[in-house]
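Open the model in your viewer and keep the sequence panel beside it. The stops below are meant to be selected one after another.

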Amino acid sequence: MADTSFDDKTRAFLSWFKALPGATFQPAIEIQDLRSRNAGRGIVATQDIPEDTVLFSIPRDAIINVLTSDLPKKIPAVFEESTTGLEDADNEADEEADETSTAPDSWVSLILILLYEFLQGDKSKWKPYLDVLPQSFDTLMFWSSKELDELQASAISAKVGRDEAENMFRARVFPVIEQHAHIFYPEGAARLTEDELLLLAHKVGSTIMAYAFDLEKDEEDEEAEEEDEWVEDKEGKIMMGMVPMADILNADAKPNAHINHGEDALTATSLRPIPAGTEILNYYGPLGNGELLRRYGYVTETHSRHDVVEIPWSLVESVLKDVLGLDDAAYGKAINDIEEEELDDTFILERDLEEPDDKGEISTDATMKHLPADIQEQIATVLKAIRKQHPDLIPDKQKRDEFLFTILHRTFELRLAQYPTPIAEDEATLTSNVLSGRQQMANVVRWGEKVLLREAIRLAQQKKDSLVPNGQKSEPSSKRQRR
Ligand SMILES: C[S@@+](CC[C@H](N)C(=O)[O-])C[C@H]1O[C@@H](n2cnc3c(N)ncnc32)[C@H](O)[C@@H]1O
């Protein structure tokens, strides 16, 4: 049954958008209700669309940011340095930010502005747009610990950062609202309790995480040195904003549309011909499903190509000691000369894949081709240090490489064993469709990471096999061909 309130909000938003001076919206597209496949609203082609067609354009005045909201005009001192400070492209709070500074970075600025606009209710000029922003989220921030457990050994569950977000709200956001309550709350409006404010701050923070855009320089004008009114970018720092309509687009790792950042407007353009009935999809970046779930609250089949697995050095180290038969004391002595800073704590296992091309197309082969060079280099550094103390243990390069690939192989196997269910079981559950919602998404994430580990195990095995052909003992190093 059609949800009239949902459809009414969509209609009101579309009419509001079309009435914005300078806004355009192609007659060949429409906003559709895609909730039946858990995708909220999205934009779908209703006719065949040729490549390079402008689908819609958003005048820069319609963006919500420090330049367009009334809040910074009402409390300018608070926003003095607010358009700078956040270089991360992933729309997250700058963890390095000086907590004692009162100037908000671009992330905190947008939280304040969006909170202000929400609190204005009907008085906000963006009211029809605010009405189509989400009320609930599937991002990991909103998962219970039981739901997070379904991610098994994925490193993503340690990156949720709920406490960090709340600390940031309390340190940087709530004091500003308290000091300027008469500005944030319209006359006669009831003040929110701390719990209500916390809830709203989480909603706003998560909306920004999943919806906000980094407002780039005009793409055609990137080389120009002249000051850009829209981007306080003297040091390459980026302002964030909420971009109505651009954020109605859903996304995938194989996009068919792109948002161009022009001087006066942002435009959505088709990257290739889009057949009628096809959803228009933007691109959020080469994110694995774990990261996609954390930031955006969904997973897709195509994003699994970008899955990652974290390999802690502590795990490699324990395997290394075991393989070489060194106890803690002997190992500690051997690596004593290596500076602690020289050793990385964590390595990322990933496939080295190209970004989509200028038509949004991606390679069909997405299997892992190379074992990560950084982890190999670190193991080699440690083996070299051990060799100095124990030359008999690692007499030549052949032996070193045997150790290297044995250590990698065993590390990946142990990392895989940290996930309690086998790949086949996850696959069976996925294909039988017995799960839904968050459980299903968690299953996709952990399955994808296990597949990546299986590829790494195979690669390490191949490397080992290529060192010792046909299981024969290797030749002495002097007889081996030197490169
Ligand atoms: C920028 S918004 C896109 C519009 C959104 N569907 C809506 O109804 O407001 C990003 C959010 O849309 C959803 N989304 C985006 N791409 C999706 C996809 N391919 N499949 C399912 N959900 C998607 C996720 O909930 C994500 O957090």
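Select helix 3, residues 106-120. At 1.5 Å a residue, its 15 residues should span 21 Å, and the C-alpha atoms at its two ends do lie 21 Å apart, so the expected and computed lengths agree. Bear in mind while you look that this is a predicted model. Is helix 3 mostly covered or uncovered? Mostly covered: 14 of its 15 residues are buried. Step just past the end of helix 3 to Gly121, where phi is positive, at about 55°.

Now zoom out to the whole protein chain. Of its 483 residues, 35% count as buried. The chain holds 15 helices and twelve strands. Among contacts with a separation of 6 or more, 74% are between residues 24 or more positions apart.

**The cores**

Select Ile58, Ile111, Leu112, Leu115, Ala246, Leu249 and Ile280 together. These residues have the most contacts inside the largest nonpolar core, which has 64 residues. Helix 3 gives the most to this core, with ten residues. In soluble globular proteins, nonpolar side chains tend to be buried together.

Centre on Ile280 and show what surrounds it. Neighbours within four places in sequence aside, the contacts of Ile280 include Ile29, Ile43, Val44, Ala45, Leu55 and Leu249. Asn256, Ala257 and Ile274 are also in contact with Ile280.

Next, select Ile311, Leu383, Phe405 and Ile407. They belong to a second, separate core, which has 24 residues.

**Two places with paired strands**

Stay with Ile311 and extend the selection to strand 11, residues 309-312. Which residues of strand 11 are on its covered face, and which on its uncovered one? Val309 and Ile311 make up the covered face, while Glu310 and Pro312 make up the uncovered one. Add strand 12, residues 346-349: the two strands run antiparallel and are joined by four bridges. One pairing to pick out is Val309 with its bridge partner in strand 12, Leu349.

Move to the open sheet of four strands, which are ordered 1-4-9-8 with antiparallel pairing. Strand 1 (24-25) and strand 8 (257-261) are at the edges; each has a single partner strand, so one side of each has no neighbour in the sheet. Show strand 4, residues 54-59, beside strand 1: two bridges join this antiparallel pair. Thr24 has Ser57 as its bridge partner in strand 4.

**The two domains**

Colour residues 4-296 as domain 1 and residues 307-479 as domain 2. The contact between them takes 22 residues from domain 1 and 23 residues from domain 2. Select helix 9, residues 289-296: with three residues, this helix provides the largest share of the side of domain 1 that touches domain 2. By residue type, that side of domain 1 divides into eleven nonpolar, six polar and five charged residues.

**Single residues in loops and a helix**

Go to Gln152, in the loop between helix 5 (145-149) and helix 6 (162-179). Gln152 is not a glycine, yet its phi is positive, near 55°. It has 19 other C-beta atoms within 10 Å, and a residue needs 20 or more to be buried, so Gln152 is partly exposed.

Asn433 is the next stop, in the loop between helix 14 (423-432) and helix 15 (437-467). Asn433 is another non-glycine residue with a positive phi, about 60°. Is Asn433 buried or exposed? It counts as exposed, because just 8 C-beta neighbours lie inside 10 Å.

Select Gln47, in the loop between strand 3 (41-45) and strand 4. Gln47 has 12 other C-beta atoms within 10 Å and is therefore exposed. Residues up to four places away in sequence aside, Gln47 touches Ala28 and Ala276. Draw a C-alpha to C-alpha distance from Gln47 to Ile29: the two residues are 18 apart in sequence and 7.3 Å apart in space.

Finish at Lys73, in helix 2, residues 71-74. Lys73 is exposed, with 11 other C-beta atoms within 10 Å. Draw one last C-alpha distance, from Lys73 to Ala23: these residues are 50 apart along the chain and separated by 25 Å.

Technical notes: Residues are numbered from 1 along each chain as its sequence is written. This is a predicted model: local features need pLDDT of at least 70, side-chain atom pairs count only at pLDDT 80 or more; totals for chains, interfaces and linings use all residues. Two strands pair if DSSP finds at least two bridges between them. Domain bounds come from an automatic or database domain assignment. Two residues are in contact if their C-beta atoms, placed from the backbone, lie within 7 Å. Ala, Val, Leu, Ile, Met, Phe, Trp, Tyr, Cys and Pro count as nonpolar, Asp, Glu, Lys and Arg as charged, and the others, Gly among them, as polar. A nonpolar core is a set of buried Ala, Val, Leu, Ile, Met, Phe, Trp, Tyr and Cys residues joined through C-beta atoms within 7 Å. The expected span of a helix is 1.5 Å times one less than its number of residues.
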